[in-house]
Amino acid sequence: MMMMTMPTLLQSLLDALPAERHDDARRRFARHQAVLCDRLGWLYGHLPGHAAWLEELLAGTGRLMAARPAPLRALDAAREADPAWFCDQRMLGYSAYVDRFGGDLRGVAGRIPHLRELGVTYLHLLPFLRPRAGENDGGFAVASFDEVDPRLGSMADLEALADGLRGAGISLCADLILNHVADDHPWARGARAGDARLRDFFHVLPQQEQAAAYERTLGQVFPQAAPGNFTYDQAMGGWVWTTFYPFQWDLNYANPALFAAVAAALLGLANRGIEVFRLDSTAFLWKRLGTDCMNQPEAHLILQALRALVDIAAPGVLLKAEAIVATRELPAYFGAAGAPECHLAYHSTLMTAGWAALAEQDAGPVRAVADATPPLPPGASWLTYVRCHDDIGWKHLLAEAGSMARLERIAAFYNGGAGYPAGIGFQGGAATNGSAAALSGLDKAATPEETEHALRRLLLVHGLALCFGGLPMLYMGDELAMANDHGYLADPARAHDTRWVQRAPFDAARAALRHDPDSVPGRAWAGLVRLVGLRRRLPDLAAGTRCEALAAHDPAVLALARGARFLGLFNFSGRTLALDLAEFGGHGALALGPWEQAWLDRATWLAVAASDEETR
């Protein structure tokens, strides 16, 4: 595709900016305009009026740059000077719903001391923009990019929270749902009212046969709760593409006006103080008949163009791909050579493999994922995690597991089986819900030994996330071993969705026990804080450092080597293991009790010692 180099593009960007900011804008534009113009040319260059559209896109970007507050411009400059700032081993993420964690945005601000004590440097607040009235998929059916959910506060509250977090050294992450909006979003309401321009923001098929032709190769995200991928809408006079729920309308990225509107929404929210965007449902952005409409090449062109705009307008901002796909499909979300895409990507198969290894008492799934995980490109990081607001989808581990029958056995182990986990099936049983503590066995523990083993399992999977390489993220309450919450069953709007079992309100009573060494919350907190503190002191655990799963004679053992000195040994079984460190190139012996882990320094082959100050 011919690269567009019209000087008017740069002028369009500069026109809105004061003269003293032109040099920075010119420098950034010169660095990123080739990728921006090339990717947008591939996507939209064949359409009439492309050059004029591109000029207006840059003019709108310039206006948003002009409106960017001075503190955020200072942040941009600092992060341009240190582009790998988020790859540091001292980074720690935390994810929570606003209402569940603090009641509202002001309440979240009141939790900053809790986050600082834990060592958090990155806070992902799940959807807090104004959602659809009524059922809204936990806020993922967004009705406005310009308003906060009134239950949670206002835009002024959001800006104040972002400022407070930044002052505490914590970056605020928010969801930007790229694939769809709610059916009561202004774009959807305008389309229903007959606005042809807004109708083109969506995929609308006039005939059911057209929808059926796509359905032949499409999967289903919620086959029980929301079967099918299309919903007939009387006002639209056709079948609207609705991958997730009927009230979530998929956006049409073949339309350049839609791309421009989404880009403006992103940069506008960045000016409010959001430093990281979790780009939701990135795998679904482009539709192609005869495919599963996932991971299409154009989806990556869209993300690379968005990245180029961000690097021009707000280079202090990170983009994170929420692409819950097989390991082999993950690296593409970091971009191509010379065309970076997302800074961060969820390593969902690592999360799944950790739980699978616990179920089978065999570290094989984690070793397979480690072997299949390529080195990170410069200035990129995995996001590693143990649990989140969503389900564990076992099918994404199929390449490593070898068969669905094996994954179904693992799912059955977690989904209400006779063993220690207290998990609940989701969408037919190929997925699992439950808090990390419940899946580790704490909800069912009836004896001191069962409690001890459950706590070890909880810390084992967190230790894996902390050691593997990336930015580890905790899910709210896991630091306190919070249990499943079955109260959602009494709410008709939520009772059909078992994901709410792990979306309990923050338990202040458990938090008050976090320093009590005799309590379960206190033991979970102390164990996790110790691991976090150890990680902060070990440069080998920074993102991008070489990671290798070493061979071990016992299948229950995961031996994870990082950099020049670190070795993590993880016992995924209920057996006590006597390990000869010679098999890992060292000397001496080590006993690992059931579900235990050890972090060793390969220079001395001794355990890494904790410091007095384990968190920042």
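**Cavities, cores, a sheet and cysteines**

The second largest cavity is lined by Leu350, Met351, Gly354, Trp355, Tyr385, Val386, Val461, Leu464 and Ala465. On a 1 Å grid over the protein atoms alone, a cavity is a set of points where a 1.4 Å probe fits but cannot get out, and lining residues have an atom within 4 Å of a point. The model is predicted: local features need pLDDT of at least 70, side-chain atom pairs count only at pLDDT 80 or more, and totals for chains, interfaces and linings use all residues. Residues are numbered from 1 along each chain as its sequence is written, and side-chain values use heavy atoms, with hydrogens and water left out.

**Exercise 1.** Describe the second largest cavity by volume, contributing elements and residue class.

*Solution.* Step 1: this cavity holds about 60 Å³ of space, a volume being the space filled by probe spheres set on grid points that are joined across faces, edges and corners. Step 2: the elements that give two or more residues to its lining are α14 (348-360) and α19 (448-467); helices (H or I, at least four residues) and strands (E, at least two) are DSSP runs, numbered from the N terminus. Step 3: α14 gives the most, with 4 residues. Step 4: by class, the lining divides into 8 nonpolar, 1 polar and no charged residues.

**Exercise 2.** State how many cavities the search finds, and characterise the largest.

*Solution.* Step 1: the whole structure has 4 cavities of 30 Å³ or more. Step 2: about 80 Å³ of space lies in the largest. Step 3: its lining includes Ser435, Tyr475, Asp478, Met482 and Arg503. Step 4: the class count for this lining is 7 nonpolar, 3 polar and 2 charged.

**Exercise 3.** Identify the residues with the most contacts inside the largest nonpolar core, and the helix that gives the most to this core.

*Solution.* Step 1: a nonpolar core is a set of buried Ala, Val, Leu, Ile, Met, Phe, Trp, Tyr and Cys residues joined through side-chain atoms within 4.5 Å. Step 2: the largest has 194 residues, and Tyr94, Phe259, Trp355 and Trp599 have the most contacts inside it. Step 3: helix α13 (residues 297-313) gives the most to this core, with 11 residues. Step 4: another core lies apart from it, with 15 residues, among them Val557, Leu567, Leu579 and Leu581. Trp355 also lines the second largest cavity.

**Exercise 4.** Establish the strand order and the edges of the open sheet that contains β7.

*Solution.* Step 1: 3 strands are arranged in the order β5-β7-β6, with antiparallel pairing; two strands pair if DSSP finds at least two bridges between them. Step 2: β5 (204-205) and β6 (230-233) are the edge strands, each pairing on one side only. Step 3: β5 is joined by 2 bridges to β7 (residues 238-241), and Val204 stands opposite Val240 in β7.

**Exercise 5.** Count the disulfides, and explain the state of Cys342.

*Solution.* Step 1: a disulfide is a pair of cysteine sulfur atoms within 2.5 Å; the count comes to 0. Step 2: Cys37 is in no disulfide, and the nearest cysteine sulfur, that of Cys342, is 20 Å away. Step 3: the closest cysteine sulfur to that of Cys342 belongs to Cys173, at 11 Å, which is too far for a bond. Step 4: buried means under 20% relative accessible area, exposed over 50%, partly exposed in between (1.4 Å probe, protein chains only). Cys37, at 1% relative accessibility, counts as buried; Cys342 is buried with a relative accessible area of 1%.

Technical notes:
On a 1 Å grid over the protein atoms alone, a cavity is a set of points where a 1.4 Å probe fits but cannot get out, and a pocket is an open set with protein on both sides within 12 Å along at least five of seven lines; lining residues have an atom within 4 Å of a point. Ala, Val, Leu, Ile, Met, Phe, Trp, Tyr, Cys and Pro count as nonpolar, Asp, Glu, Lys and Arg as charged, and the others, Gly among them, as polar.
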